Amino acid sequence: PFLITAIVAYNNVEFILIPTFIAKGVRGWQLLYYCEALGNLELAYYAWFFWWLGKLIKENPKLKEFYDDALARGGGRVFRKLVKILVETLLEQGKNKRLEGLNKNIKREGFATMFFLGIGIGTWLLGLLIFYATRSYTSLAGLFLGNVIKIACFVFLANVVGWWFYLIISI
């Protein structure tokens, strides 16, 4: 699984595969379909990988000892506190009437937070960690939806602007 993870990480949809497809002449709706399928498979793979890695840590005696020691020293509490601080910070920075309305319903709040994490580049990693901490499948759906929107924006900009788009974001 570690080699596959390295391959998946190298073949990032937004920065590697979209320019590769454009270079091969794939554009428009076909580019969107390919990238959406591959982008969601990438996110699903990472979700599986983190589950597998957690299982490996818990089943390996030496790693389990380290994990239990970290939990005994308050590692789990620290992780939950960090996640809570991050989510509160995200909500505080974007505080408006719409977000205040979301605060009334925890499931929708989690969905919205994970949606915004799915839109960000690389922030889905934190979203997966939050999912494993909360086990909220509604939030996981928000993460996937945010990923779909992000990839659609990348494909749209790549189709409209072409290679210039990647030149601009790489500077």
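Student: In which helix is Thr113 found?
Tutor: In this predicted model, the element that holds Thr113 spans residues 106–119. Thr113 is thus placed in helix 7.

Student: Is Thr113 buried or exposed?
Tutor: A residue counts as buried when its relative accessible area is under 20%. The relative accessibility of Thr113 is 7%, so Thr113 counts as buried.

Student: What distance separates the C-alpha atoms of Thr113 and Gly142?
Tutor: Along the chain, Thr113 and Gly142 are 29 residues apart. In space, the separation of their C-alpha atoms is 7.9 Å.

Student: How many helices and strands does the secondary structure of the chain come to?
Tutor: Read along the sequence, the pattern is α-α-α-α-α-α-α-α-α-α. The count comes to 10 helices and 0 strands.

Student: What percentage of the residues of the chain count as buried?
Tutor: The criterion is a relative accessible area under 20%. Applied to the 171 residues of the chain, it gives a buried share of 34%.

Student: How many salt bridges does a search of the whole structure find, and which side chains meet there?
Tutor: Side chains of opposite charge can pair when their charged atoms come close. The search of the whole structure finds 1 salt bridge. At an N to O distance of 3.1 Å, the partners are Glu14 and Lys150.

Student: Why does the pair of Glu14 and Lys150 tie together parts that are apart in sequence, and how many residues apart are they?
Tutor: Glu14 belongs to helix 2, residues 13–23, whereas Lys150 belongs to helix 9. The pair therefore ties together parts whose separation in sequence is 136 residues.

Student: Are Glu14 and Lys150 buried or exposed?
Tutor: The limit for a buried residue is a relative accessible area under 20%. Glu14 falls in this class, and so does Lys150: each is buried.

Student: How many cavities of 30 Å³ or more are found, and how much space lies in the largest cavity?
Tutor: Rolling a probe the size of a water molecule over the atoms shows where empty space is left. With a threshold of 30 Å³ or more, a search of the whole structure finds 1 cavity. The space in the largest cavity is about 50 Å³.

Student: Which helix gives the most to the lining of the largest cavity?
Tutor: The lining consists of Asn12, Glu14, Gly39, Glu42, Leu43, Trp124, Asn147 and Lys150. At least two of these residues come from helix 3 (28–59), and at least two from helix 9 (137–161). With 3 residues, the greatest contribution is that of helix 3.

Student: How do the residues of the lining of the largest cavity divide into nonpolar, polar and charged?
Tutor: Among the lining residues are Glu14 and Lys150, whose side chains also meet in the salt bridge. By class, the lining holds 2 nonpolar, 3 polar and 3 charged residues.

Student: Which residues form a nonpolar patch on the surface, and what is their accessible area together?
Tutor: The patch is formed by Trp29, Tyr33, Tyr34, Leu38 and Leu41. Together, these residues have an accessible area of about 600 Å².

Student: What is the relative accessibility of Leu38, and how far is its C-alpha atom from that of Val13?
Tutor: Leu38 is found in helix 3. Leu38 counts as partly exposed because its relative accessibility is 33%. Although Leu38 and Val13 are 25 residues apart along the chain, their C-alpha atoms are separated by 7.0 Å.

Student: What is the C-alpha to C-alpha distance between Tyr34 and Leu17?
Tutor: Tyr34 lies in helix 3 and, at 36% relative accessibility, counts as partly exposed. Tyr34 and Leu17 are 17 residues apart in sequence, and their C-alpha to C-alpha distance is 9.4 Å.

Student: Where does Arg27 lie, and what is its distance in space from Val155?
Tutor: Arg27 is in the loop between helix 2 and helix 3. With a relative accessible area of 40%, Arg27 is partly exposed. Arg27 and Val155 are 128 residues apart in sequence, and their C-alpha to C-alpha distance is 8.5 Å.

Methods
Residues are numbered from 1 along each chain as its sequence is written. This is a predicted model: local features need pLDDT of at least 70, side-chain atom pairs count only at pLDDT 80 or more; totals for chains, interfaces and linings use all residues. Side-chain values use heavy atoms; hydrogens and water are left out. On a 1 Å grid over the protein atoms alone, a cavity is a set of points where a 1.4 Å probe fits but cannot get out, and a pocket is an open set with protein on both sides within 12 Å along at least five of seven lines; lining residues have an atom within 4 Å of a point. Grid points are joined across faces, edges and corners, and a volume is the space filled by probe spheres set on the points. Helices (H or I, at least four residues) and strands (E, at least two) are DSSP runs, numbered from the N terminus. Ala, Val, Leu, Ile, Met, Phe, Trp, Tyr, Cys and Pro count as nonpolar, Asp, Glu, Lys and Arg as charged, and the others, Gly among them, as polar. Patches are made of residues with over 30% relative accessible area and no salt bridge: like charges are joined within 9 Å, nonpolar side chains (Val, Leu, Ile, Met, Phe, Trp, Tyr) within 5 Å. Accessible areas come from the Shrake-Rupley method with a 1.4 Å probe; for residues, only the protein chains shown count as cover. A salt bridge is a side-chain nitrogen of Lys or Arg within 4 Å of a carboxyl oxygen of Asp or Glu. Buried means under 20% relative accessible area, exposed over 50%, partly exposed in between (1.4 Å probe, protein chains only).
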